[in-house]
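Visitor: Please take me through this model point by point, with the cut-offs stated as they come up.

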Amino acid sequence: MADTTEFTGTRQTQQGTGLIPQAGQFLSNVQQLANQPSIQRSLPAVVAVVVLVLGLFIYSLLQQPERTTLYASLPDSEKSKVQDALRNMGVDVTLDPTTGEILVPVEDYHRSRISLAAQGLPSSAPDGYSTLTDLPMGSSRSVELMRLKQTQEIELAKSIREIEGVLSARVHLALPEKSVFVRNQMPPTASVFVQLPNGRSMASGQVNAIIHLVSSSIPNMTKEDVTVIDQNGQLLSKSLDDPNSML
């Protein structure tokens, strides 16, 4: 029994020590292969090809344009029409593989929206509440707050577009996170962009109505925190504390 154990241990030792010569033999064969004149002559070309392929791969990644969502929560029928119109315009349009939203290069964003508006597309405005309906289960609180803000912006813009003389509207809300320190709490603010017909101006009562609509829809937002501008960059709202300001 002792002889058998000794023989087994000796065989395992021989197998273990045999791995080192095998590894050395393999490295020696590789070195001999690399020292062959034909391999040495072709090695610079192989390295150059590898570097070229890596360079082309990195270049293609850097050339991918930064994209942004053109419209949020569009119906599938509208997406098809918008995609066809954008392709006819030569815009590199794609779909987000996760959300299915239409993505366009950032530099083509405004041109695409203006051209589509001239064609009457999309024919139906996106519903803000659908962003909450489509919210996946298990979403983080930050995602929920972002979707809620988007919903508020879309719904406020839809209400403003119902005002006579307003062709289109966008609302941008800045809602700071709540702080446990009252002194550090920043007030919420809103910026409203309205597009008016050429040569038309907005009455002061309409501007005040927009300011009141937005400020009363957001908790802790005052009328002074709402700014309204038109497509010409003209400030339609001014501080209510300034008695000399004119709308």
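Visitor: What percentage of the contacts with a separation of 6 or more comes from residues 24 or more positions apart?
Guide: This is a predicted model, in which local features need pLDDT of at least 70 and side-chain atom pairs count only at pLDDT 80 or more, while totals for chains, interfaces and linings use all residues. Residues are numbered from 1 along each chain as its sequence is written, and side-chain values use heavy atoms, with hydrogens and water left out. A contact means heavy atoms within 4.5 Å. Of the contacts in the chain with a separation of 6 or more, residues 24 or more positions apart account for 54%.

Visitor: What is the average pLDDT of the chain, and which stretches fall below 50?
Guide: pLDDT is the predictor's confidence in each residue, from 0 to 100. The chain averages 77, and 73% of the residues score at least 70. Beyond near neighbours in sequence, two stretches have zero contacts in the model and a pLDDT below 50: residues 4-8 and residues 10-16.

Visitor: How many helices and strands are there in the chain?
Guide: Both are DSSP runs numbered from the N terminus: helices are H or I with at least four residues, strands are E with at least two. Along the sequence the pattern reads α-α-β-α-β-β-α-α-α-β-β-α-β. The count is seven helices and six strands.

Visitor: Which strands stand at the edges of the open sheet of three strands?
Guide: Two strands pair if DSSP finds at least two bridges between them. The order in this sheet is β1-β3-β2, with antiparallel pairing. One side of each edge strand is left without a neighbour in the sheet, because each has a single partner strand; these are β1 (67-69) and β2 (94-95).

Visitor: In which sense do β5 and β6 pair, parallel or antiparallel?
Guide: β5 (residues 189-195) also pairs with β4 (residues 168-174), antiparallel over seven bridges, and His-172 stands opposite Ser-191 there. With β6 there are five bridges, and Ala-190 has Val-226 as its bridge partner. The sense of the β5 and β6 pairing is parallel.

Visitor: Which side chains of β5 are buried?
Guide: Buried means under 20% relative accessible area, exposed over 50%, and partly exposed in between (1.4 Å probe, protein chains only). Side chains alternate along β5, and Thr-189, Ser-191, Phe-193 and Gln-195 point to a face where they are not buried. Those that point to the other face and are buried are Ala-190, Val-192 and Val-194.

Visitor: Is Ile-218 buried or exposed?
Guide: Ile-218 lies in the loop between α7 (204-217) and β6 (226-230). Not counting residues up to four places away in sequence, Ile-218 touches Gln-152, Leu-173, Leu-175 and Pro-188. Gln-152 is 66 residues from Ile-218 in sequence, with a C-alpha to C-alpha distance of 8.6 Å. Because its relative accessibility is 5%, Ile-218 counts as buried.

Visitor: What is the phi of Asn-220?
Guide: Asn-220 is also in the loop between α7 and β6. With 70% relative accessibility, Asn-220 counts as exposed. Although Asn-220 is not a glycine, its phi is positive, at about 65°.
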